[in-house]
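Let's take a walk through this fold, one residue at a time. Have the viewer open and follow along.

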Amino acid sequence: MRRVLIWIVVLAASAALLWWTQLRPREERVSVFFVGTVDGAGTVVPVERTVSGRGAEEIIRGAFLALLSGPSAQERAKGLTSEIPAGTRLRGLVVREGLV
């Protein structure tokens with residue numbers, strides 16, 4: 001009975017470790033770029049967003065969705081805009097061998 005209890009504890013700890021290291025969603029800071037003015041010249045301006053996902057593909061998808069959602073109200077008030085037309089949707093995304 002004691003041996004079974006030890007195995008149950010070991011299996012539960014292994015499952016928790018697997019979830020913590022491999023399966024739980026993690027948050028990443030990414031930069032998306034909008035159009036703005038710096039020193040009187042039009043340029044792209046990096047803006048940080050936080051996205052979450054369980055792997056590279058989900059993180060990249062989150063970054064693309066953040067880009068498609070455009071600048072926030074505060075960022076628009078500062079003059080940032082997007083050249084991506086409103087309503088543009090991400091129809092698909094594939095990450096293969098580190099390339100999107």
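Start at Glu-75, which counts as buried, with a relative accessibility of 13% (buried means under 20% relative accessible area, exposed means over 50%, and partly exposed is what falls in between, with a 1.4 Å probe and protein chains only). Before going further, a word on what you're looking at: this is a predicted model, where local features need pLDDT of at least 70 and side-chain atom pairs count only at pLDDT 80 or more, while totals for chains, interfaces and linings use all residues. Residues are numbered from 1 along each chain as its sequence is written, and side-chain values use heavy atoms, with hydrogens and water left out.

Glu-75 sits in helix H3, residues 73–77 (helices are DSSP runs of H or I with at least four residues, strands are runs of E with at least two, and both are numbered from the N terminus). Which residues does Glu-75 touch, not counting those up to four places away in sequence? They are Phe-34, Val-47, Arg-49 and Leu-80, where contact means heavy atoms within 4.5 Å.

Arg-49 deserves a second look, as Glu-75 forms a salt bridge with Arg-49, and their closest N and O atoms are 2.7 Å apart. A salt bridge here is a side-chain nitrogen of Lys or Arg within 4 Å of a carboxyl oxygen of Asp or Glu. This pair ties together distant parts of the chain, with Glu-75 in helix H3 and Arg-49 in strand S2, 26 residues apart. Arg-49 counts as buried too, because its relative accessibility is 17%.

How many salt bridges are there by this rule? The count comes to three. Another one joins Arg-29 to Glu-48, with 2.8 Å between the closest N and O atoms. Again the pair links distant parts of the chain: Arg-29 belongs to strand S1 and Glu-48 to strand S2, 19 residues apart. Glu-48 is partly exposed, at 48% relative accessibility. Then there's the bridge between the side chains of Arg-26 and Glu-28, at 2.9 Å from N to O. Arg-26 counts as partly exposed, as its relative accessible area is 35%, and Glu-28 is also partly exposed, at 29%.

Now back to another of Glu-75's contacts, Val-47. Val-47 lies in strand S2, which covers residues 41–53. Is Val-47 buried or exposed? Its relative accessibility is 9%, so Val-47 counts as buried. Leave aside the neighbours within four places in sequence, and Val-47 is in contact with Val-30, Ser-31, Val-32, Phe-34, Glu-75 and Leu-80.

From Val-47 you can hop over to helix H2: Val-47 and Ala-66 are 19 residues apart in sequence, and their C-alpha atoms are 10 Å apart in space. Helix H2 has 14 residues (56–69) and reaches 20 Å from its first C-alpha to its last, close to the 20 Å expected at 1.5 Å a residue; the expected span is 1.5 Å times one less than the number of residues. Its buried residues are Ile-59, Gly-62, Ala-63 and Ala-66. They lie on the same side of H2, because they cover an arc of only 100 degrees around the axis, the arc being that of the directions from the helix axis to the C-beta atoms. What covers these buried residues includes strands S1 (26–38) and S2. After H2 comes Gly-70, with a positive phi near 80 degrees.

That brings us to another backbone angle. Most residues other than glycine have a negative phi. Asp-39, though not a glycine, has a positive phi of about 55 degrees. Look for Asp-39 in the loop between S1 and S2, where it counts as exposed, at 80% relative accessibility.

Finally, head to helix H1, residues 2–23, where you'll find Trp-7. Trp-7 is exposed, because its relative accessible area is 52%. Together with Ile-6, Val-10 and Leu-11, Trp-7 makes a nonpolar surface patch of about 420 Å². Arg-3 is found in H1 as well, and counts as exposed at 66% relative accessibility. To finish, Arg-3 and Leu-90 are 87 residues apart in sequence and 52 Å apart in space, C-alpha to C-alpha.

Technical notes: Patch = residues over 30% accessible without salt bridge, like charges linked within 9 Å, V, L, I, M, F, W, Y side chains within 5 Å. Areas by Shrake-Rupley, 256 points an atom, 1.4 Å probe, with all protein chains shown as cover.
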